[in-house]
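Trainee: Could you take a close look with me at one part of this model, the place where two of the chains meet? I would enjoy a connected walk through it.

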Amino acid sequence: MSTTADRLTELGLTLPPPMVVPAGVRLPFRTVHVVGDVAYIAGHGPQDADGTLSPLRGKVGAQLTLEQAYQAARSTGLSMLASLARELGDLDRIAAWGRVFGMVNAAPGFDRLPEVINGFSDLILDVFGPQVGAHARSAVGQAELPFGLPVEIEGQVHLRR
Amino acid sequence: MSTTADRLTELGLTLPPPMVVPAGVRLPFRTVHVVGDVAYIAGHGPQDADGTLSPLRGKVGAQLTLEQAYQAARSTGLSMLASLARELGDLDRIAAWGRVFGMVNAAPGFDRLPEVINGFSDLILDVFGPQVGAHARSAVGQAELPFGLPVEIEGQVHLRR
Amino acid sequence: MSTTADRLTELGLTLPPPMVVPAGVRLPFRTVHVVGDVAYIAGHGPQDADGTLSPLRGKVGAQLTLEQAYQAARSTGLSMLASLARELGDLDRIAAWGRVFGMVNAAPGFDRLPEVINGFSDLILDVFGPQVGAHARSAVGQAELPFGLPVEIEGQVHLRR
């Protein structure tokens, strides 16, 4: 039995189904792309339990609060874990997190970007622990994100050989 | 004979010459930097056939349409393939695409960013096919890009050992 | 004795102490995270000699000039070298720079982003020389950066085996 799957159960977390792509949009890339022992993780956003993108849209610091954005970053993490689990079969195959790049759809003047992306980092550290879950990170403000999403995060993990 | 070069000919595509750097600007970095079996690709923008940067400048969704930006992303892909071909000698040395990071100079409210960067992904998949050309991707909106370019894309590929 | 440390002395450069994190902010990630022979470098900003973040805040092209931003990018490089030295023990362990991603807190219309990030590239090339210091780079404009910093840079280096 997967230790990571056990840990998700213990934390009461459920991974969402594949993203329901908005009508009329093509996304001709892989959400997780494994090359050798590296898995590149495409930009993910927050999903609802039915697989659709979160209806929370807009700029953090204007339409959305810091707390809502923190939850969106956490939800983005669950979406990413779901993509990884589907591609890898078992999240225990992750030997180490590498790079995390957290992007916030920031209203003018909203610079509390690290506090938003903490929603993602806290989840990863909760699920994988301080050794495997450790990562380098940036948290920055974008002018726009796809579909008006409040948060988009991409990353890179290393797999057990 | 290179399969990838054949495929470019088949598609009627010509790779541009090295970028003509705008007057007065120093760019003290490598457009493609190989370390071991990874090639890091610097941020590229759309070029014209004579090597100069595309004269299409400005914000997508304001000065430029989605369709123009799609073509700019495709042109950015040709610029990147040209840099890779010059550095690697032969594009067949690419074993797998890894990460693609697509940035759009987005007008306020323009969030159709994935549709813009599809111009790049469609080209890569056309040229390399679904196996080698597969990649993980983000498509995001920047506040500004160098020289007012509408699109800038960076990435990472893996080379045959 | 470390060649890189010697070179820093020769250039009259001093590396700053660990960043003094602004009050009330948690940063639950590693500034440098080594996985195998890759070191992922988290987003860094300019620091003062006492470890605090630079008091120069705001948008480049509005509150700050290009020259101030160039110096901020250089200072960001020193902050990054300090993090690398603390994590690696010796900067000579760096076999090659890989990817540099330079982000500028850009005022509307300010697109001289490569000239800002040159402050970083020039430092890295000064310290490591043209062989080890060579890197691929992007220089882009963000809507917002943490704490209103003018520059944030992340990157990736390869270590000697």
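How many residues of chain A are in contact with residues of chain B, and how many of chain B take part?

Mentor: Happy to. Keep in mind that this is a predicted model. In the contact between the two chains, 24 residues of chain A meet 24 residues of chain B. On the side of chain A that touches chain B, the elements giving two or more residues are β1 (32–35), β2 (38–44) and β5 (151–159) of chain A. Among these, β2(A) provides the largest share, four residues. Sorted by class, that side of chain A holds 14 nonpolar, five polar and five charged residues.

Now compare the contact between chain C and chain B, which takes 24 residues from each of them. Here the side of chain C that touches chain B draws two or more residues from each of β3 (94–105), α3 (113–132) and β4 (136–142) of chain C. Its classes come out as 11 nonpolar, eight polar and five charged residues.

Back to chains A and B, and how they are placed. Chain A superposes on chain B, with an RMSD of 0.0 Å, after a rotation of 120° and a shift of 0.0 Å along the axis. The two copies are therefore related as by a three-fold rotation axis. Within chain A, the residue that comes closest to this axis is A:Ala143, whose C-alpha is at 2.9 Å. The copies meet through different surfaces, because only 8% of the interface residues of chain A are also interface residues in chain B.

The strand β5 also borders a loop with an unusual backbone angle. A:Phe147 sits in the loop between β4 (136–142) and β5 of chain A. Its phi is positive, about 60°, although A:Phe147 is not a glycine. As background, most residues other than glycine have a negative phi. A:Phe147 counts as partly exposed because it has 16 C-beta neighbours inside 10 Å. In chain B, B:Phe147 lies in the loop between β4 (136–142) and β5 (151–159), and its phi is likewise positive, near 60°. With 17 C-beta neighbours inside 10 Å, B:Phe147 also counts as partly exposed.

Finally, the interior: the largest nonpolar core has 149 residues, and those with the most contacts inside it are A:Val116, B:Val116 and C:Val116. Take B:Val116 as an example: beyond its neighbours within four places in sequence, its contacts include B:Val60, B:Leu66, B:Tyr70, B:Val104 and B:Val151.

Methods. Residues are numbered from 1 along each chain as its sequence is written. Chains are lettered from A and ligands numbered from 1 in the order in which they are written. This is a predicted model: local features need pLDDT of at least 70, side-chain atom pairs count only at pLDDT 80 or more; totals for chains, interfaces and linings use all residues. Two residues are in contact if their C-beta atoms, placed from the backbone, lie within 7 Å. Ala, Val, Leu, Ile, Met, Phe, Trp, Tyr, Cys and Pro count as nonpolar, Asp, Glu, Lys and Arg as charged, and the others, Gly among them, as polar. Copies are superposed by least squares on the C-alpha atoms of residues with pLDDT of at least 70 in both. A nonpolar core is a set of buried Ala, Val, Leu, Ile, Met, Phe, Trp, Tyr and Cys residues joined through C-beta atoms within 7 Å. A residue is buried if 20 or more other C-beta atoms lie within 10 Å of its own, exposed if 12 or fewer, and partly exposed in between; C-beta atoms are placed from the backbone.
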